[in-house]
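Colleague: I would like a close look at one part of this model, with its surroundings described step by step. Please keep it plain enough for a first-year student.

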Amino acid sequence: MQLEPATDADIWLTEALETDPRVMVELGGPHTIELARAAHRRRVAGIEAGNWWFKILPEPGAPPVGTIGIWRAEWAGEAISETGWMVLHQHQGRGHASAALAVLLDLARKDGRWGDIHAFPGVTNTASNSLCRKLGFELIETVEADYADRILHCNHWVLRARRPRRTRRGVGPTTQDEIRPPR
Ligand SMILES: CC(C)(COP(=O)(O)OP(=O)(O)OC[C@H]1O[C@@H](n2cnc3c(N)ncnc32)[C@H](O)[C@@H]1OP(=O)(O)O)[C@@H](O)C(=O)NCCC(=O)NCCS
């Protein structure tokens, strides 16, 4: 397992992931190719700004099977660190996301600047909720979030960097890009 920063050249990967109805089933359905391309450019630009956004290589030199990252976001008016992940449909169920998240969290712990790390999978997103549980996140609430104009019912998980901190309940924005407060 290797994580490599995503680049402009990986735009095909974001297109393949985010226009695939099977990958996007828990995220309100597939995005248009234009939306996927815009998201890719925004996230690559976000790397310059200090966010982490990696492609997942099952082994060094192998073609990527998905993406994973941590970025600065806002939740209920507070700055947070948020993580998220996607694996190509044909590569799912083989442990790639589990291995990638373990590596990512290890890097984040060593880096030390991310603090508590939040994740917002849909409540019926079995694989993502399993990942959070398995990697030591704590489920603190369920929330409504606007993901690219779709209202999603999400679990709010937190991996504590240190001692527990109070988090406000309710509706709010989550990610760097697609998620906004419901209108
Ligand atoms: C979530 C996702 C990245 C998992 O990737 P993956 O490489 O298949 O995950 P893994 O093989 O490491 O499995 C992780 C866990 O999910 C479970 N799982 C995997 N696919 C599953 C499925 N289709 N249904 C139910 N559980 C599933 C695995 O059993 C494992 O749980 P366990 O360790 O408790 O047994 C992948 O399903 C995906 O890309 N989903 C669509 C995008 C998405 O929803 N992203 C999350 C946004 S928050």
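How many bridges join β3 to β4, and do these strands run parallel or antiparallel?

Modeller: This is a predicted model. β3 and β4 are joined by 10 bridges, and they run antiparallel. β3 covers residues 66-75, and β4 covers residues 78-87.

Two individual pairs help to place the strands against each other. T67 of β3 stands opposite M86 in β4. R72 has S81 as its bridge partner in β4.

The turn comes next. β3 and β4 form a hairpin with 2 residues between the strands. A76 lies in that loop between β3 and β4. The phi of A76 is positive, about 50 degrees, although A76 is not a glycine. A76 counts as partly exposed because 16 C-beta neighbours lie inside 10 Å, and a buried residue would need 20 or more. A comparable backbone angle occurs in another loop, at D149, where phi is positive and near 70 degrees in a residue other than glycine. D149 sits in the loop between β6 and β7. D149 counts as exposed because it has 11 C-beta neighbours inside 10 Å, and the limit for exposed is 12 or fewer.

The strands themselves are mostly covered. In β3, 8 of the 10 residues are buried. In β4, 8 of its 10 residues are buried too.

Now look at the other strands that pair with the hairpin. On the β3 side there is β2, residues 52-57, which pairs with β3 in the antiparallel sense over 5 bridges. One of the links is F54, whose bridge partner in β3 is I68. On the β4 side there is β5, residues 117-119, joined to β4 by 2 bridges. β4 and β5 run parallel, whereas β3 and β4 run antiparallel. S81 takes part in both pairings of β4: S81 is the bridge partner of R72, and the bridge partner of S81 in β5 is I117.

I68 deserves a second look. Not counting residues up to four places away in sequence, I68 touches L3, F54, I56, W85, A100, L101 and L104. F54 in that list is the bridge partner already named. W85 belongs to β4, residues 78-87. A100, L101 and L104 belong to α3, residues 96-111. The contacts of I68 thus include residues of β4 and α3.

I68 also appears in the largest nonpolar core, which has 38 residues. The residues with the most contacts inside that core are F54, I56, I68, A100 and L101. As background, nonpolar side chains in soluble globular proteins tend to be buried together.

A helix also meets these strands. α1, residues 11-18, has L13, T14, L17 and E18 as its buried residues. These cover an arc of only 110 degrees around the axis, so they lie on the same side of α1. The buried residues of α1 pack against α2, β2, β3 and β4.

The last topic is the ligand. β4, α3 and α4 each supply at least two residues of the shell around the ligand. α4 gives the most, with 6 residues. Of the 22 residues around the ligand, Q92, A97, S98, A127 and S130 come nearest. By class, the shell has 9 nonpolar, 10 polar and 3 charged residues. Q92 lies in the loop between β4 and α3. Q92 counts as partly exposed because it has 16 C-beta neighbours inside 10 Å. The C-alpha atoms of Q92 and G66 are separated by 9.3 Å, while the two residues are 26 apart along the chain. G66 brings us back to the hairpin, since β3 covers residues 66-75.

Just beyond α4 there is F137, in the loop between α4 and β6. F137 is buried because 24 other C-beta atoms lie within 10 Å. Leaving aside neighbours within four places in sequence, F137 is in contact with A119, C132, W157, V158 and L159. A119 falls in β5, residues 117-119, the strand that β4 pairs with in the parallel sense. V158 is 21 residues from F137 in sequence, yet their C-alpha atoms are 5.1 Å apart.

Note on methods
Residues are numbered from 1 along each chain as its sequence is written. This is a predicted model: local features need pLDDT of at least 70, side-chain atom pairs count only at pLDDT 80 or more; totals for chains, interfaces and linings use all residues. A residue is near a molecule or strand if its C-beta atom, placed from the backbone, lies within 6 Å of it. Helices (H or I, at least four residues) and strands (E, at least two) are DSSP runs, numbered from the N terminus. Ala, Val, Leu, Ile, Met, Phe, Trp, Tyr, Cys and Pro count as nonpolar, Asp, Glu, Lys and Arg as charged, and the others, Gly among them, as polar. A nonpolar core is a set of buried Ala, Val, Leu, Ile, Met, Phe, Trp, Tyr and Cys residues joined through C-beta atoms within 7 Å. Two residues are in contact if their C-beta atoms, placed from the backbone, lie within 7 Å. Two strands pair if DSSP finds at least two bridges between them. The arc is that of the directions from the helix axis to the C-beta atoms.
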